[in-house]
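Me: I'm new to this structure and would like to understand the words people use for it. Could you take me through the reasoning, one step at a time?

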Amino acid sequence: AAKSAGRSGFSFFDPSMQAQVRLRAELEAGLRRGLEQDEFRLWYQPQFNLEGKLIGMEALVRWQHPEQGMVSPADFIPVAETSGLILPLGRWILRTACEQLVAWQQHPVLANVRIAVNISARQMQDEGFVTEVCSILDQTGADACALELELTESMLVQSIEQTIDKMQVLRQRGVHFALDDFGTGYSSMSYLKRLPLDKLKIDQSFVRDLMTDPNDAAIIRTIVALGQSLDLSVVAEGVETNEQRQALVTSGCQGFQGYLYSRPGSAQELEHSIHGQR
Ligand code: C2E
Ligand code: MG
Ligand code: MG
Ligand code: MG
């Protein structure tokens, strides 16, 4: 390959680059087809408080690919974002989560449970976003207070004023907001104070090394203190072991999500495991 490269030493026909472009195009076409063929599923992962009471469910999208099986969102959300397909996919996700809220209204334990939905920057920046959320709430009859939208810090930096406006309109309607993967972005304290937030989610990278890296313990204590002073609840994600849970409790954290409690599963799987626990 070095021989065929131009004077700069860089070849435009780098086969691995070509392969990457092709893979991306295939993935995009696959996503498009998947949307038409109804190949997406919503899985849910419960969140618990200190006493072990269920406090919410995070909706996590899965792609049931006809040949590749269950595809992780980490593999297709980035392409959905850059291609714009996140707009129709995001609509489907919101509608499905709201329909699930209505279905769970009849459930002895899951009635009034809150569902958290991850929102991409691209969705939040879309002009029609607020109208769309409101019309999905209207059409499904879901309780707006049971809907929580998870935003990330990075999307707030881009267009903070418009984002605050949109959040405020939805907050009026009863919708709640969580700041996801907190601690990995660049939220300034003055922004945080102005956002109509309800919850901070400690990024799982801090929980992962909690037992070995004293810096992570310090970061977690700082996030918990910040949450307390801004009157926000704090949920740690990626809690896998009892040791981590204990260290989080010691740091003052009161909300937990992770494999220690439950892996994400279909609505039906979660209903079964809740039934089994009762
Ligand atoms: P996230 O919102 O931070 O979601 C948490 C991720 O951590 C999920 O991965 C979840 O399955 C995983 N997780 C939960 N507990 C544990 C644990 O104890 N240990 C470990 N190692 N991992 C745990 P998932 O479902 O693969 O989602 C990855 C990311 O994809 C999400 O990160 C979110 O940014 C994005 N995503 C997922 N669903 C959606 C969606 O519906 N819409 C959008 N826009 N993004 C989504
Ligand atoms: Mg999330
Ligand atoms: Mg997260
Ligand atoms: Mg994360």
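Me: Why is N118 called partly exposed?
Reply: In this predicted model, N118 has a relative accessible area of 30%. Buried would need a value under 20%, and exposed a value over 50%. The 30% of N118 lies in between, so N118 is called partly exposed.

Me: What makes N118 a donor of the magnesium ion (ligand 2)?
Reply: A donor has to be an N, O or S atom within 2.8 Å of this kind of metal. The magnesium ion (ligand 2) is coordinated at 2.0 to 2.3 Å by E58 (OE), N118 (OD1), E150 (OE) and D180 (OD). Those distances are within the cut-off, so N118 counts as a donor through its OD1 atom. Along the sequence, the donor residues follow the spacing E-x59-N-x31-E-x29-D. N118 in strand β4 (residues 115–118) and D180 in strand β6 are 62 residues apart, so this pair links distant parts of the chain.

Me: Is D180 buried or exposed, and how do you know?
Reply: D180 has a relative accessibility of 7%. Since buried means under 20%, D180 counts as buried.

Me: What makes D180 a bridge?
Reply: D180 coordinates both the magnesium ion (ligand 2) and the magnesium ion (ligand 3). These two ions lie 3.7 Å apart.

Me: Which residues coordinate the magnesium ion (ligand 3)?
Reply: They are D180 (OD), D181 (OD) and E237, which is listed with two OE donors, at 2.1 to 2.3 Å. The spacing of these donors along the chain is D-D-x55-E. D181 sits in strand β6 (residues 176–182), while E237 is in the loop between β8 (233–236) and α11 (242–250), 56 residues apart.

Me: Why do D181 and E237 get separate labels?
Reply: D181 has a relative accessible area of 25%, and E237 has a relative accessibility of 8%. With buried meaning under 20%, E237 counts as buried, whereas D181 is partly exposed.

Me: How do you know that D180 makes a polar contact with ligand 1?
Reply: A polar contact is a pair of N or O atoms within 3.5 Å. A polar side-chain atom of D180 lies 2.9 Å from an oxygen atom of ligand 1, so the pair qualifies. Q45 has a polar side-chain atom 3.0 Å from a nitrogen atom of ligand 1. Y259 takes part through a backbone N or O atom, 2.8 Å from an oxygen atom of the ligand. On its own, ligand 1 has 800 Å² of accessible area, and the protein covers 82% of that. Ligand 1 is surrounded by 22 residues, with R62, D180, Q204, E240 and Y259 the closest.

Me: Why is S83 called partly exposed?
Reply: S83, in helix α2 (residues 73–83), has a relative accessibility of 22%. That value is between the 20% and 50% limits, so S83 is partly exposed.

Me: What does the side chain of S83 reach?
Reply: It reaches the backbone oxygen of A80 at 3.3 Å. The side chain of S83 also reaches the backbone nitrogen of L85 at 3.3 Å.

Me: Finally, what makes T163 buried?
Reply: T163 belongs to helix α7 (residues 160–173). Its relative accessible area is 4%, and buried means under 20%, so T163 is buried. Leaving aside residues up to four places away in sequence, T163 touches M124, M155 and L156.

Conventions
Residues are numbered from 1 along each chain as its sequence is written. Chains are lettered from A and ligands numbered from 1 in the order in which they are written. This is a predicted model: local features need pLDDT of at least 70, side-chain atom pairs count only at pLDDT 80 or more; totals for chains, interfaces and linings use all residues. Side-chain values use heavy atoms; hydrogens and water are left out. Donors are N, O and S atoms within 2.8 Å of the metal (3.2 Å for Na, K and Ca); water is not among the atoms, so sites may look incomplete. Helices (H or I, at least four residues) and strands (E, at least two) are DSSP runs, numbered from the N terminus. Buried means under 20% relative accessible area, exposed over 50%, partly exposed in between (1.4 Å probe, protein chains only). Contact means heavy atoms within 4.5 Å. A polar contact is a pair of N or O atoms within 3.5 Å; within protein, one must be able to donate a hydrogen and the other to accept it, and residues adjacent in sequence count only if both atoms are side-chain atoms. A residue is near a molecule or strand if one of its heavy atoms lies within 4 Å of it. Accessible areas come from the Shrake-Rupley method with a 1.4 Å probe; for residues, only the protein chains shown count as cover.
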